[in-house]
Amino acid sequence: MRDPVAAFLRHGFTYLVRRDLRGVWLRGGLPRGPFVWAADHHSWWDPFVASVVLERSRHPACLIMAQDNLARYRFVRRVGVFGTAEPRTGLRYLAQGRTLVIYPEGELRPAGPPGPLSPGAAWYARQARVPLYAVAVRVVMRGQTKPEAYVSCTEVTRRGRDDQVTERLADTLAADLSSLDSQLAVADPRRPLASFRRVLAGRRSADERIDSVQGARPWAS
């Protein structure tokens, strides 16, 4: 039976992103079935961006959260959030077809290269026999009045021990974040990054709204 509270919360997450970000852009394909979404955690927006991307790609999601934080926000269990002390819950959700969102850095860190990664993402992918994806995320203020979210996804092979897979995950995540940062450093700040496709439109800047009313051309670069 559909949970109306869960539906309300998911709608609220999307509304929050639409209201306070200019949009969300994605690079890379995602598998059809469940997988492990192993991302950097450098912005407050990260879980909301993950929720939007996965919902738009028809991947029901679950998310692992620090047990202490979950004790403070128990209501998010309604949308598939579970604690770090409940690993079997994550396996159950994966078996049910949900995609697991995990932040293997284990904490919110400054935007930069990823910190040391725990082996949890590799463990879940191996135990559930699902693909593992490194997901590089940047939420940045550019040439508009609202920040933009960019998400880059790369599959990581599960071959080998968990420590070996975690090392490959760390290398892939670091390389993708570096590539994304380099692209952001030189791209026209008023245009979305090349090779990314928009998955959710958000709030347009004031000048864009004025231009649309006046029928003016967009700002030139």
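# Exercises on a predicted model

The largest pocket holds about 1,300 Å³ of space. The model is predicted.

## Exercise 1. The pocket lining

Task: describe the lining of the largest pocket by residue, element and class.

Solution.

Step 1. Start at the centre. The lining has 41 residues, and those closest to the pocket centre are Pro 47, Leu 63, Met 65, Val 81 and Tyr 103.

Step 2. Assign elements. Helix 1 (4-20), helix 2 (46-56), helix 3 (67-72) and helix 5 (120-128) each give two or more residues to the lining. Strand 3 (61-65) and strand 5 (99-102) do so too.

Step 3. Find the main contributor. Helix 2 gives the largest share, six residues.

Step 4. Sort by class. The lining has 26 nonpolar residues, nine polar ones and six charged ones.

## Exercise 2. The cysteines

Task: decide how many disulfides the structure has, and place Cys 62 and Cys 153.

Solution.

Step 1. Search the whole structure. The count of disulfides is zero.

Step 2. Check the distance. The cysteine sulfur nearest to that of Cys 62 belongs to Cys 153, 16 Å away. A disulfide needs the two sulfur atoms within 2.5 Å. Cys 62 is therefore in no disulfide.

Step 3. Check from the other side. For Cys 153, the nearest cysteine sulfur is that of Cys 62, and Cys 153 is in no disulfide either.

Step 4. Look at accessibility. The cut-off for buried is under 20% relative accessible area. Cys 62 has 2% relative accessibility, so it counts as buried. Cys 153 has 8%, so it counts as buried too.

## Exercise 3. Strand 2 and its partners

Task: work out which way the side chains of strand 2 point, and which strands pair with strand 2.

Solution.

Step 1. Split the residues by direction. Strand 2 covers residues 36-39. Val 36 and Ala 38 point one way, while Trp 37 and Ala 39 point the other way.

Step 2. Test burial. All four of these residues are buried.

Step 3. Take one partner. Strand 2 pairs with strand 5 in the parallel sense, over three bridges. Ala 38 has Ile 102 as its bridge partner there.

Step 4. Take another partner. Strand 6 (residues 132-140) also pairs with strand 2 in the parallel sense, over four bridges. Here Ala 38 stands opposite Ala 134.

## Exercise 4. Salt bridges

Task: count the salt bridges, then say which parts of the chain the Asp 3 and Arg 78 pair ties together.

Solution.

Step 1. Apply the cut-off. A salt bridge needs a side-chain nitrogen of Lys or Arg within 4 Å of a carboxyl oxygen of Asp or Glu. The count comes to 13.

Step 2. Check the pair. The closest N and O atoms of Asp 3 and Arg 78 are 2.9 Å apart, and the two residues form a salt bridge.

Step 3. Place both ends. Asp 3 lies in the segment before helix 1, and Arg 78 lies in the loop between helix 3 and strand 4 (81-83), so the pair ties together parts that are 75 residues apart in sequence.

Step 4. Add accessibility. Asp 3 is partly exposed at 24%. Arg 78 is partly exposed at 41%.

Step 5. Compare with other pairs. Glu 86 and Arg 77 form a salt bridge with the closest N and O atoms 2.8 Å apart. Glu 86 is buried at 17%, whereas Arg 77 is partly exposed at 37%. Arg 191 and Asp 188 also meet in a salt bridge, at 3.3 Å from N to O. Arg 191 is partly exposed at 46%, and Asp 188 is partly exposed at 23%.

Step 6. Look for a network. Salt bridges link Arg 19, Asp 20 and Lys 146 in one.

## Exercise 5. Positive phi

Task: locate Arg 58 and Ser 195, and give the phi and exposure of each.

Solution.

Step 1. Take Arg 58. Its phi is positive, about 60°, although Arg 58 is not a glycine. Arg 58 is found in the loop between helix 2 and strand 3. Its relative accessible area is 77%, so Arg 58 is exposed.

Step 2. Take Ser 195. Its phi is near 80°, again positive in a residue other than glycine. Ser 195 lies in the loop between helix 6 and strand 8 (197-201). At 54% relative accessibility, Ser 195 counts as exposed.

Notes
Residues are numbered from 1 along each chain as its sequence is written. This is a predicted model: local features need pLDDT of at least 70, side-chain atom pairs count only at pLDDT 80 or more; totals for chains, interfaces and linings use all residues. Side-chain values use heavy atoms; hydrogens and water are left out. Buried means under 20% relative accessible area, exposed over 50%, partly exposed in between (1.4 Å probe, protein chains only). On a 1 Å grid over the protein atoms alone, a cavity is a set of points where a 1.4 Å probe fits but cannot get out, and a pocket is an open set with protein on both sides within 12 Å along at least five of seven lines; lining residues have an atom within 4 Å of a point. Grid points are joined across faces, edges and corners, and a volume is the space filled by probe spheres set on the points. Ala, Val, Leu, Ile, Met, Phe, Trp, Tyr, Cys and Pro count as nonpolar, Asp, Glu, Lys and Arg as charged, and the others, Gly among them, as polar. Two strands pair if DSSP finds at least two bridges between them.
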